[in-house]
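Work through the exercises below with the model open beside you. Try each task before reading its solution.

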Amino acid sequence: ALSAAAFSRGRSFLDFLFLDIPAHNIFNRVSVLALCLLSGMYVARILQQQKKSEKALECSREQAKAADKAQSDVLQELVAETARRKSLMDLSLDGIVVFNGEHRIIEANTRFCEMLGYSEDEILTLRIWDFDDSFTQQEVQEQFGDIQNINTTFETIHRRQDGSTYHAEVSAAGALIEQEPVIITIARDVSERIKTVESISQNEEKFSKLFKSAPVMITLSSLKDGRYIDVNERFLLDSGFTRDEVIGKTSTELAWISDQGRERLIASLQATGSVRMMRLNLRKKDGTPLECMYNGEIIELGGSSYLLSIAQDITRQVDMDEKLQRFNQLLENTDYIVVFKDTGLRYLEVNKSYLQLTGRQTPQELKGKTDAELFRGLATREQIDEYMANDRYALALPKGNALSIEEYFPGEDGSTRT
């Protein structure tokens with residue numbers, strides 16, 4: 001203001017101060033000068049504060065820009081993390097699904113949508129009881145009401161959108177997301193595993209029935225020491241032992257097989273892993289010898305080796321074979337003519353004496369033929385009819401009775417024998 005007054009008079013500020021203000025009023029001059037000095041200092045302070053404010057404002061702007069950039073970086077990182085998380089969820093071979101406190105789906109991966117046959121939008125409308133056939137709404141609310149304490153794994157039945165169902169194994173755990181309770185679950189389709197388990201169970205049941213009721217002896221024993229783990233009923237019947245006497249004992253302790261016989265058997269098993277059609281001489285509980293046709297296989301169960309044995313008692317068969325062999329030797333060496341025919345009067349077997357009688361060379365020339373075929377051209381029709389009529393009469397005789405008659409047989413050389 002003073003400078004403006006001085007300027008209006010064409011004078012400088014100092015001239016105005018010392019010339020225009022009366023000299024006798026020194027106090028006024030000093031006051032004005034002091035006022036001016038104070039005002040200058042105040043203006044200087046104001047300018048200094050203004051510069052500081054401008055500098056602070058510039059710093060604030062830079063900080064705001066840095067904060068904005070940091071916020072943008074965090075947002076981008078969150079977007080990237082969300083994308084990564086969704087990618088990981090969608091790459092999972094298991095269904096991943098999140099339920100809110102009302103048991104409604106709020107997030108699900110692609111695999112879970114595929115498992116149920118819904119789109120990503122459709123699946124967000126479902127609650128647990130809308131697709132889980134094992135729980136009613138009331139059961140879900142009762143069993144999964146305390147969300148934060150949920151930590152369980154269970155098997156259930158899920159129903160697809162088309163109405164078909166599948167077995168699911170579900171792992172569920174409660175959690176807090178943004179202070180909201182949620183249930184995070186992982187669901188796996190275990191239908192194939194269930195089918196496999198059922199198939200194994202059925203096979204085990206079939207094997208158990210076969211094992212117990214088989215008409216041959218079946219045993220399971222330790223390969224290491226020969227101790228019996230299990231035996232079937234046929235083994236007990238043929239051997240004469242009781243189950244309590246057998247289980248936990250070795251075959252040699254029971255004297256079922258000799259030490260030499262077991263060593264020979266184990267050597268064969270270890271060489272090839274199995275034994276086929278081996279004849280073994282065994283001994284019953286009462287000491288009676290038993291001849292068996294044996295088959296064995298080494299199997300692995302629970303990391304241990306076992307011997308699965310199947311044996312058939314052929315004692316009677318061997319005895320019959322020996323008797324038949326002796327009988328055949330007797331037939332071949334007797335002077336009596338012996339012929340075997342079936343009920344259709346076709347030849348089954350003849351001895352050497354019959355071949356000599358008819359002039360034939362081998363039994364194969366006669367097998368499967370009738371008298372009408374063999375003697376055609378050698379005997380008359382009446383003779384052939386008589387041969388066959390005698391055979392029919394013999395077939396009609398009561399068991400134990402015999403027919404004795406004379407027959408005339410023409411030979412290849414034209415001779416006739418009685």
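**Exercise 1. State the volume of the largest cavity and describe its lining.**

Step 1. The largest cavity holds about 220 Å³ of space. On a 1 Å grid over the protein atoms alone, a cavity is a set of points where a 1.4 Å probe fits but cannot get out. A volume is the space filled by probe spheres set on the points, with grid points joined across faces, edges and corners.

Step 2. Lining residues have an atom within 4 Å of a point. The largest cavity has 18 of them, and Thr-219, Tyr-228, Trp-256, Tyr-294 and Ser-309 are the closest to its centre.

Step 3. Note the model type: this is a predicted model, where local features need pLDDT of at least 70 and side-chain atom pairs count only at pLDDT 80 or more, while totals for chains, interfaces and linings use all residues. Residues are numbered from 1 along each chain as its sequence is written, and side-chain values use heavy atoms, with hydrogens and water left out.

Step 4. Assign the elements. β6 (217-222), α11 (259-272), β8 (274-283) and β10 (304-313) each give at least two lining residues. β10 supplies the largest share, four residues. Helices (H or I, at least four residues) and strands (E, at least two) are DSSP runs, numbered from the N terminus.

Step 5. Sort by class. The lining has 12 nonpolar, five polar and one charged residues. Here Ala, Val, Leu, Ile, Met, Phe, Trp, Tyr, Cys and Pro count as nonpolar, Asp, Glu, Lys and Arg as charged, and the others, Gly among them, as polar.

**Exercise 2. Describe the second largest cavity by volume and lining.**

Step 1. Its volume is about 140 Å³.

Step 2. Of its 16 lining residues, Phe-99, Ile-128, Phe-154, Val-170 and Thr-185 are the closest to the centre.

Step 3. Two or more residues come from each of β1 (95-99), α6 (128-131), β3 (151-159), β4 (165-177) and β5 (180-189).

Step 4. The classes are 12 nonpolar, three polar and one charged.

**Exercise 3. Which residues lie nearest the centre of the largest pocket?**

Step 1. A pocket is an open set of points with protein on both sides within 12 Å along at least five of seven lines. The largest one has about 680 Å³ of space.

Step 2. It is lined by 23 residues, and Val-339, Lys-341, Asp-391, Ala-394 and Glu-407 lie nearest its centre.

Step 3. α15 (381-395) is among the elements that supply at least two lining residues. The share from α15 is the largest, at five residues.

Step 4. The lining divides into 14 nonpolar, three polar and six charged residues.

**Exercise 4. Give the strand order of the five-stranded open sheet and place α11 on it.**

Step 1. The order is β7-β6-β10-β9-β8, with antiparallel pairing. Two strands pair if DSSP finds at least two bridges between them.

Step 2. Find the edges. β7 (228-231) and β8 each have a single partner strand, so one side of each is left without a neighbour in the sheet.

Step 3. Neighbouring strands are turned by 30 degrees against each other on average, direction ignored. Axes are lines fitted to C-alpha atoms, for helices over the stretch in contact (heavy atoms within 4.5 Å). Angles run from 0 to 180 degrees between N-to-C directions.

Step 4. β8 and β9 pair over eight bridges. Asn-281 stands opposite Glu-291 in β9.

Step 5. α11 lies across β6, β8, β9 and β10, and runs at about 175 degrees to β8.
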